[in-house]
Amino acid sequence: MLERDERRLRQLARINIEGGLPPSVTLLNDLVKFLNQAMTSRGKRIVTILEQMLELEDLTNSIKPEEPMIAAVEWERTDPKKYRVHWEIEKRGAMLQRELSKYQFIPHAEVAMGGGGQGPSQWAVWWKGDSDSKWKEPLRMAPGEALELILKLTHIGDLTRLRRCTECQKWLFARFRHQTFCSTKCQQRNYTQSDAWKAHRRAYMRRYYQKNFKGKQR
C-alpha cells in the first residue's frame, strides 16, 4: 500500500502546469488553498465543477465492473433501478460538460536559451486560461490553473484524493488513500466525539473514582 502511494506521488511530481514551476506537491498545496479560500464567483465555480466530478465518479463506481456503460434508455424496460442510475450519470455528465464548455485554454510554449547544441532543447509548454490574466484574488493559483490540475489528476486516477475533511469540511489532498482528516487536530477532535471514545472515557472515570474516592467515603 505504501509503495503504491509513493509511486503515485512520484507520478504527481511529473505533473507540471507551467514549465519551470516547483514540483507538483507545491501545486497541490496551492490547489487546496485555492479550493478553501477562493471567494469570487469564478473561484467558487471551480469548486462546484470539482464537486460535480466527484459525485459523478461516485455514481459511476456504483456500477458493477462487469456491467457495461450503455445508454440509459436500454435499461428502461429490463431494469428500472439501473435505468435510474445510468440516467443520472448521463444527466450529470451533460451538466459537467456544459460547465466545462465555458472555459478556454490557450497553448504557450517557450524554449530555454543557451543550449548551444549540446543536448535536446528544453521546452516549457503549458495551457493558460484566457481570463487568468484578469485574476485579482490574492491566491497563487488562478481558476484556469486550478481546473487544469484537477483534470490532470483524473489522468492518473487520483481525483478522489481531493476530498473534504471529515471534521472541519475543508478541502485536502489525501497523501494516502485512507486519509480523511486535514490535520491531527481534526482527527483527535473527531475521535473525542465518537461513541468508542466516550465509552472509554466513562470507564476511565469510573476507575479513577473507585481508586481515589470510593475508599475514602467509608
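Leu 50 is in contact (heavy atoms within 4.5 Å) with Leu 35, Ile 150, Leu 159, Leu 162 and Trp 171, its neighbours within four places in sequence being left aside. The model is predicted: local features need pLDDT of at least 70 and side-chain atom pairs pLDDT 80 or more, while totals for chains, interfaces and linings use all residues. Residues are numbered from 1 along each chain as its sequence is written, and side-chain values use heavy atoms, without hydrogens and water.

Leu 50 is also among the residues with the most contacts inside the largest nonpolar core, together with Leu 31, Leu 35, Ile 150 and Leu 162; this core has 31 residues. A nonpolar core is a set of buried Ala, Val, Leu, Ile, Met, Phe, Trp, Tyr and Cys residues joined through side-chain atoms within 4.5 Å. Buried means under 20% relative accessible area, exposed over 50%, and partly exposed in between (1.4 Å probe, protein chains only). At least two core residues come from each of helix H2 (24-37), helix H3 (41-61), helix H4 (80-100), helix H5 (143-155) and strand E4 (171-173). The most come from H3, which gives eight. Helices (H or I, at least four residues) and strands (E, at least two) are DSSP runs, numbered from the N terminus. Apart from this core lies another, of five residues, including Cys 165, Leu 172, Ala 174 and Phe 181.

The structure holds eight salt bridges, each a side-chain nitrogen of Lys or Arg within 4 Å of a carboxyl oxygen of Asp or Glu. Three of them are listed here.

| Acid | Base | Closest N to O |
|---|---|---|
| Glu 55 | Arg 92 | 2.6 Å |
| Glu 148 | Lys 152 | 3.6 Å |
| Asp 158 | Arg 161 | 3.1 Å |

Glu 55 lies in helix H3 and Arg 92 in helix H4, so their salt bridge ties together parts 37 residues apart in sequence. Glu 55 is partly exposed at 39% relative accessible area, and Arg 92 is partly exposed at 27%. Both belong to a network of salt bridges that also links Glu 88 and Lys 91. Glu 148 and Lys 152 both lie in helix H5, four residues apart, about one turn of the helix. Glu 148 is buried at 9% relative accessibility. Asp 158 is buried at 0%, and Arg 161 is buried at 1%.

Confidence is given by pLDDT, the predictor's score for each residue, from 0 to 100. The protein averages a pLDDT of 77, and 62% of the residues score at least 70. Over residues 14-23 pLDDT stays under 50; the model has 23 contacts beyond four places in sequence for them.
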